[in-house]
Amino acid sequence: MNGVHDMGGQHGMGPVQHEKDEPVFHAAWEGRVDALTRAMRAWRKWNLDTSRHGLEILPPVDYLRMSYYERWFNRLETDVVKYGFVTPEELKSGKAAAGSRTETPVLTLATSARWLSRGLPSSVDPKVRPLFRVGQHVRARNIHPTGHTRLPRYARGKAGVVIRDHGVHVFPDTNAHFQGEKRQHVYSVRFNARELWGPQASPHDSVHLDMWDDYLERV
Amino acid sequence: MDGTRRSFLKAAVTAAGAAATTDLAQADSVAPIQGDAHQAVPSDLTLRVKSLESLLVEKGLVDRAALDALIDTMEHKIGPRNGARVVARAWVDPAYKRRLLDNAPAAIAELGYTSGQGEHMLVVENTPKVHNLVVCTLCSCYPWPVLGLPPVWYKSAPYRSRAVIDPRGILKEFGTHVAEDVEVRVWDSTAELRYIVLPERPGGTERMTEEQLAALVTRDAMVGVAKVTLPESGGKP
């Protein structure tokens, strides 16, 4: 979706505010939100792509106003209701409804190390053939999906060169919406900075994006 | 910043605790444009998070001890010290450096660092002719096993919006000088590949041990917004 989260190239966001000796969490609640989010993800009712999309669909004004973990917390509140873990009344009261069933947590002390180290699927799959090859000139498609996508607006319609084949990966545009993994090759594609931004960019510079087969077309 | 905004921030800071005080001090000099700064936290957030946590614990959906363990991992087990040791090893051991550039996850695992978001890591090397910069314009993708959780600025709108269109401006703001004829390569982490910059080893470090070298390597250098410098050189490489 063409959302505010797709920030590459936007103007007016101000200077970067670098904080010296920044703590991992700025307040205790941030750590709780981070851990709660990971612990609830272990129920596997949603996936990484669904999760990213869950932030993108926050109202744009809220997305920009909220701090990072505030966004996470709002997503978590939405998701625990949406996927049937708690009722809206329970969320409001903070108390389990009388007679509601008690589950057994998926993520426990014994399993937390395993969950943290749980890897993504292998990117090696000889059955899935690449549509493009290293060195090939390609163009990012000029498409505007209304759901989740990892094709930033600033690259759409632009021409680049495949510099590396990253192997086979789950396709976020379908996976985020539970429409299948649609596994396909992902490539590192180099775009000349001037192709993206015109003469204001340095002729020496480039931006590399990781692109799925479905984002690319032949030049 | 007008008076209304200032008193709102003061109220929010009082409610959110002392942790945000330094942010408020910074906010006085640079007007915050968006919500990634921490001073705009609503006062009831701490209570809302507590309420949700106790509900999820009561319903048996999460285990409090496991939450504590996760936070401990994020705060103490992963972090940029891991990445610094990888960089230092690459500087002193050319064979390791080759393995690192060829297959980063395997080379990094040799030093014992493995965890989620590190399955498909790639190391990009700075040279006198090439400077690399890592960003995630769409969210906050970052190589956790070697760098820990990303800092606020990395996840913020200013960095995400400008790193791709004005990388040299960003570098300047970080006080990093990159000559005009050096190629700046930006890596936008749009898929599950996670990028780490292998900074240039600074001159004058020939006699240093691997451990001493690791102490020089900063998180910012591994993201590519800074170079590795000697403390006495006053920030200049």
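At roughly what angle do the axes of helix 1 of chain A and helix 3 of chain B cross? Here is a walk through this predicted model, point by point, with that crossing up front.

1. Start with helix 1 of chain A, residues 28–41. Its axis and that of helix 3 of chain B cross at roughly 35°, coming within 10 Å. The crossing is left-handed. On the chain A side, Trp29(A), Arg32(A), Val33(A) and Leu36(A) do the touching. They meet a set of helix 3 residues in chain B that includes Leu45(B), Val49(B), Leu52(B) and Leu56(B), along with Thr46(B) and Glu53(B). Sorted by class, this contact has seven nonpolar residues, one polar and two charged.

2. Now look at what helix 1 of chain A does with helix 4 of chain B. These axes come within 9 Å and cross at roughly 115°, and this crossing is right-handed. From helix 1 of chain A, the residues involved are Gly31(A), Arg32(A), Asp34(A), Ala35(A), Leu36(A), Arg38(A) and Ala39(A). Facing them in helix 4 of chain B are Ala66(B), Leu67(B), Leu70(B), Ile71(B) and Met74(B). The class split here is eight nonpolar, one polar and three charged. If you want residues to click on, try Arg32(A) and Leu36(A): they are listed in the contact with helix 3 of chain B, and they turn up again in the contact with helix 4 of chain B.

3. Next, step back to the whole contact between the chains. Chain A gives 74 residues to it and chain B gives 77. On the chain B side, the elements giving two or more residues are helix 3 (45–58), helix 4 (64–77), helix 9 (152–155), helix 10 (157–165), helix 11 (167–173) and strand 3 (183–188). Helix 3 of chain B has the largest share of that side, with 10 residues. By class, the chain B side has 42 nonpolar, 19 polar and 16 charged residues.

4. The chains also share a sheet. It is open, has seven strands with mixed pairing, and runs in the order 5(A)-1(A)-2(A)-3(A)-4(A)-3(B)-2(B). Strand 5 (216–218) of chain A and strand 2 (130–135) of chain B are the edge strands; each has a single partner strand, so one side of each has no neighbour in the sheet. From one strand to the next, the twist averages 35°.

5. Where do the chains join up in that sheet? Look at strand 4 of chain A (residues 206–212) and strand 3 of chain B, which run parallel and are joined by four bridges. For one concrete pair, Ser206(A) has Arg185(B) as its bridge partner. Towards the chain A edge, strand 1 (residues 137–140) pairs with strand 5 of chain A in the antiparallel sense, over three bridges. Ala140(A) and Leu216(A) are bridge partners there. Helix 10 of chain B packs on the sheet, where it touches strand 4 of chain A as well as strand 2 and strand 3 of chain B. The direction of helix 10 makes about 145° with that of strand 2 of chain B.

6. Last, a word on how chain A is divided. Domain 1 covers 28–117 and domain 2 covers 137–218. Their C-alpha centres lie 30 Å apart. Six residues of domain 1 are in contact with four residues of domain 2. The domain 1 side of that contact has no nonpolar residues, three polar and three charged.

Conventions
Residues are numbered from 1 along each chain as its sequence is written. Chains are lettered from A and ligands numbered from 1 in the order in which they are written. This is a predicted model: local features need pLDDT of at least 70, side-chain atom pairs count only at pLDDT 80 or more; totals for chains, interfaces and linings use all residues. Two residues are in contact if their C-beta atoms, placed from the backbone, lie within 7 Å. Ala, Val, Leu, Ile, Met, Phe, Trp, Tyr, Cys and Pro count as nonpolar, Asp, Glu, Lys and Arg as charged, and the others, Gly among them, as polar. Two strands pair if DSSP finds at least two bridges between them. Domain bounds come from an automatic or database domain assignment. Axes are lines fitted to C-alpha atoms, for helices over the stretch in contact, and angles run from 0 to 180 degrees between N-to-C directions. A crossing is left-handed if the near helix is turned anticlockwise from the far one by less than a right angle, and right-handed if clockwise.
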